[in-house]
Amino acid sequence: MLRSLNYLRIFRKQIFAYRNDGEYSIDNTIVERAIRPILLQRNRNMFFGSLKGISNSAVCYTFIATCKQLGISFRYYFCRLMREMKKGRTDYENLLPKTIDQ
């Protein structure tokens, strides 16, 4: 109990920031909806066979979720990324979903 109260004392301003600014949301349903497919996939991840497979899967899911958030088709992004890499582009910061069209 003491630990919880200390946490509240230290982070009180951040915890109740939503009361001072109407832009803050009190819930996190947007985040929960975004990660739900990943959590449902968790049971299937046991069958990747290696740590490298799991790591590759995490990278793919990250790009898919980023494209969804930006409103970009993942298929469009992936095809565009492969075309640009085939041309020899190595400026990877400019090949991210948000910056690839610029």
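A residue counts as buried when its relative accessible area is under 20%, as exposed when that value is over 50%, and as partly exposed in between. Keep that scale in mind for Phe74: its relative accessible area is 27%, so Phe74 is partly exposed. One thing to know before going on is that this is a predicted model.

**The overall picture**

Let's step back and look at the whole chain. What does the protein have in the way of helices and strands? There are four helices and zero strands. Read from the N terminus, the elements go α-α-α-α.

How is the chain spread out in space? Along the principal axes, the C-alpha atoms fill a box of roughly 60 × 40 × 20 Å. The radius of gyration of the protein is 20 Å, while a compact globule of 102 residues would have one near 13 Å. Burial adds another piece to the picture: 13% of the 102 residues count as buried. As for contacts between residues at least 6 apart in sequence, 21% of them join residues at least 24 apart.

**Three residues, helix by helix**

Now for some individual residues. Ser4 sits in helix 1, which covers residues 2–15. Lys68 has its place in helix 3, and Phe74 belongs to helix 4. Here is how accessible they are.

| Residue | Relative accessible area | Class |
|---|---|---|
| Ser4 | 48% | partly exposed |
| Lys68 | 61% | exposed |
| Phe74 | 27% | partly exposed |

Why does Lys68 get the label "exposed"? Its relative accessible area is 61%, and the label applies to values over 50%, so Lys68 qualifies. Ser4 has 48%, which lies between the 20% and 50% limits, so Ser4 is called partly exposed.

You can also pick pairs of residues and ask how far apart they are. Ser4 and Val31 are 27 residues apart along the chain, and their C-alpha atoms are separated by 25 Å. For Phe74 and Thr29, 45 residues apart along the chain, the C-alpha separation is 23 Å. Lys68 and Phe16 are 52 residues apart in sequence, with 30 Å between their C-alpha atoms.

Which residues does Phe74 touch, once its neighbours within four places in sequence are left aside? The contacts are Phe63, Ile64 and Cys67.

**The largest pocket**

Rolling a probe the size of a water molecule over the atoms shows where empty space is left. In this model, the largest pocket holds about 210 Å³ of space. Its lining is made of Ala34, Ile35, Pro37, Ile38, Tyr61, Ile64, Ala65, Lys68 and Gln69. So two residues you have already met turn up here: Lys68, and Ile64 from the Phe74 contacts.

Where does the lining come from? Helix 2 (29–41) and helix 3 (51–70) each give at least two residues to it. Helix 3 supplies the largest share, five residues. By type, the lining residues split into seven nonpolar, one polar and one charged. Lysine counts as charged, so the charged one is Lys68.

**Out past helix 4**

Finally, take a look at Thr99, in the segment after helix 4 (74–86). The side chain of Thr99 reaches the backbone oxygen of Glu93 at 2.9 Å. Setting aside neighbours within four places in sequence, Thr99 is in contact with Glu93 and Asn94.

Note on methods: Residues numbered from 1 in each chain as written. Predicted model: local features only at pLDDT ≥ 70, side-chain atom pairs only at ≥ 80, totals over all residues. Heavy atoms only, no water. 1 Å grid on protein atoms, 1.4 Å probe; cavity = no way out; pocket = protein on both sides within 12 Å on 5 of 7 lines; lining within 4 Å. Points joined across faces, edges and corners; volume = space filled by probe spheres on them. Polar contact = N/O pair within 3.5 Å; in protein donor to acceptor, adjacent residues only side chain to side chain. Contact = heavy atoms within 4.5 Å. Rg over C-alpha atoms; globule rule 2.2 N^0.38 Å. Buried < 20%, exposed > 50% of the residue type's maximum accessible area, 1.4 Å probe, protein only.
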